[in-house]
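Subject: Structure handover

Hello,

Here is the structure I promised to pass on. Please open it first, then read my notes below.

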Amino acid sequence: MAREILIDPITRLEGHGKIDIFLNDKGDVERAYLQIPELRGFEKFAEGRPAEDMPQITSRICGVCPTAHHMAATKALDDLYKVDPPSAAKKIRELVYSLFYVEDHALHFFFLGGPDFVVGPTAPKAERNILGVLGKVGLDIGKEVIGLRKQIRELIILAAGKVIHPVFGLPGGIAKPINKDDQQKFIAGAEHAVKFAEFSLSVFNDIVLKNKQYVDYILSDMYTHKTYYMGQVDANNKVNFYDGLLRVVKPDGKEFLKFKAQDYLKHVAEHVEPWSYIKFCYLKDVGWKGFEDGPDSGVYAVAPLARLNAADGMATPKAQAAYELFYKTLGGKPVHHTLANHWARLIELLYAAERSVELAKDPEIVSPNVRTIPKEIPKEGIGVVEAPRGTLFHHYQTNEKGVITMANLIVATQNNAARIAMSVDKAARGLIKGGQVNDGLLNMVEMGFRAYDPCHGCATHALPGQTPLIVRVYDAQHELVKEIRRD
């Protein structure tokens, strides 16, 4: 008898979503859909507003990644007014952004995605949360996790005014310099972050890599897709979160494209499906072939695993060593295993911490010259950064007074949307057989999207493990035959 299984809402992500799983007469999965039922509409909110408001408006899209939107918007204003910020301003922006990466990646590993591995994919649902993680790693370590994030967020406030909605990005620079007394606080915090990142990698090594079952999950076909990968790189093709060119590699790892952010519309297109509000990005150079992987499909991935695959390495020594171990352990480049995102995220955490130390110690970081006043008449501007969840585009057009007439935002999760949908479908097909389903299996289906750390454009959050989940099973006549709840 055909049935429908509904996971609504999905949990431990930013935003709302639900999963519909349709079973055939044998009880096997016919198709699973990840649906995003919310509508952002921020592009329309922006029309008619001064362009200078965009770093503040767009940071309201999400309470978890406001700094990414603030930074992409600020860079779009630089391009809009054709103004190049002073070197010190760029370094302070990158320092703030690197610190943001530290606390954001730590949030995902210890609070959102990490419990799947640290606690266990099929552990009791009441334990798959931060409290379960603390039970595994110890309360002292828990205090360290919370303490480090607190310290990093205080540093962001020091430079950017606010941590949730920064107020320091201006066209041509930033609002204020960093003084020498505060520089020492940044150095201390960044050095602390390096030790924290090394500890996080050791946790992953001890709990995940030394557990054969977990490694088998990472390497399994049900969590694997051979797609294209996109990420921002510096002049040496090393991972860079703040600036550089966008590089795309093919499923075999060879370079396919390299382009400026201003050329993104030549290479990135969006596909629409009737069952979701999210748009599915694909490579225009290849074309939309449906939810398929392989070199003939334009589906591509962004975010930590994609960034490592798209680059030739990391620009800091300890992160580079971790990068080399990653590929040596997983069989060389590229790595196509979705769950490897968790490991890649921790390597990026280490890079962000090391880069923060470099920038905090740079003598130029205390220069008072942090703004070039714009003089050009605005018309069009495009900015891009690597958000923790992947490549983030901001594109504005204005009238001669700098009032927004068009805004287009392609957020990280849109870039990943097609691959995420494929991952949920493939995980469901691999896990649910003969109509047998339970809470642990459904959590492993959710792991298919959670590894990407998706952000569906909102600031809605709930304590992990306490968010309501309702799974409904329907017969072929769409009559409800069973309901599983966790309220």
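Where does D453 lie? D453 sits in the loop between α15 (439-450) and β15 (469-474). Keep in mind that this is a predicted model. More on D453 follows under backbone.

**Backbone**

Most residues other than glycine have a negative phi, and most peptide bonds are trans. A few places here depart from that.

- D453 has a positive phi, near 55°, and is not a glycine. Its relative accessible area is 1%, so D453 is buried.
- A303 also has a positive phi, near 90°. A303 is in the loop between β11 (300-301) and α11 (304-310). With a relative accessible area of 0%, A303 is buried.
- The peptide bond from K333 to P334 is cis, with omega near -15°. P334 belongs to the loop between α12 and α13.

**Salt bridges**

Side chains of opposite charge can pair when their charged atoms come close. The count is 30 salt bridges. Three pairs and one network are worth a look.

Start with K75 and D243. Their side chains form a salt bridge, 3.2 Å from N to O. This pair links distant parts of the chain, 168 residues apart. K75 is in helix α3 (residues 66-80). D243 is in the loop between β6 (228-233) and β7 (245-249). K75 has 12% relative accessibility, so K75 counts as buried. D243 is partly exposed, at 38%.

Next come K91 and E364. The closest N and O atoms of this salt bridge are 2.6 Å apart. K91 lies in helix α4 (residues 87-112), and E364 lies in the loop between α13 (341-361) and β12 (380-387), so the bridge ties together parts that are 273 residues apart in sequence. E364 is partly exposed, with a relative accessible area of 28%.

K185 and D182 form a salt bridge within one helix. The N to O distance is 3.6 Å. Both residues lie in helix α8 (residues 180-209), three residues apart, about one turn of the helix. Which of the two is buried, and which is partly exposed? D182 is buried, because its relative accessibility of 15% is under the 20% cut-off. K185, at 46%, is partly exposed.

The network joins R31, D425 and R429 through salt bridges.

**Charges over rings**

R31 turns up again here. Its charged end sits over the ring of F291, 5.5 Å from the ring centre. R149 has its charged end over the ring of F111, 5.9 Å from the centre.

**Aromatic pairs**

A pair of aromatic rings is described by the distance of the centres and the angle of the planes. How many aromatic pairs does the structure hold? There are 18. One of them is Y323 with Y327, an edge-to-face pair. Their centres are 4.9 Å apart, with 70° between the planes. Both tyrosines lie in helix α12 (residues 317-330), four residues apart, about one turn of the helix. Y323 and Y327 are both buried. They also belong to one aromatic cluster, together with F109, F110, F196, F204, F326 and W343.

**Contacts across the sequence**

F204 has another link to note. Its C-alpha is 9.0 Å from that of G114, although the two are 90 residues apart in sequence. G114 is in the loop between α4 and α5 (115-118). At 1% relative accessibility, G114 is buried.

K226 and H337 are 111 residues apart in sequence, with their C-alpha atoms 8.4 Å apart in space. K226 lies in the loop between α9 (212-219) and β6. K226 is partly exposed, with a relative accessible area of 48%.

**Cavities**

Rolling a probe the size of a water molecule over the atoms shows where empty space is left. The count is five cavities of 30 Å³ or more. The largest has a volume of about 100 Å³. Which residues are closest to its centre? They are C65, H69, V411, A412 and C455, out of 13 that line the largest cavity. Helices α3 and α14 (412-431) are the elements that each give two or more residues to this lining. By class, the lining has nine nonpolar, three polar and one charged residues.

Best wishes

Notes
Residues are numbered from 1 along each chain as its sequence is written. This is a predicted model: local features need pLDDT of at least 70, side-chain atom pairs count only at pLDDT 80 or more; totals for chains, interfaces and linings use all residues. Side-chain values use heavy atoms; hydrogens and water are left out. A salt bridge is a side-chain nitrogen of Lys or Arg within 4 Å of a carboxyl oxygen of Asp or Glu. Buried means under 20% relative accessible area, exposed over 50%, partly exposed in between (1.4 Å probe, protein chains only). On a 1 Å grid over the protein atoms alone, a cavity is a set of points where a 1.4 Å probe fits but cannot get out, and a pocket is an open set with protein on both sides within 12 Å along at least five of seven lines; lining residues have an atom within 4 Å of a point. Grid points are joined across faces, edges and corners, and a volume is the space filled by probe spheres set on the points. Ala, Val, Leu, Ile, Met, Phe, Trp, Tyr, Cys and Pro count as nonpolar, Asp, Glu, Lys and Arg as charged, and the others, Gly among them, as polar. Rings of Phe, Tyr and Trp (its six-membered ring) pair if their centres lie within 6.5 Å; planes under 30 degrees apart count as stacked, over 60 as edge-to-face and the rest as tilted. A charge sits over a ring if NZ of Lys or CZ of Arg is within 6 Å of the ring centre and within 35 degrees of the ring normal.
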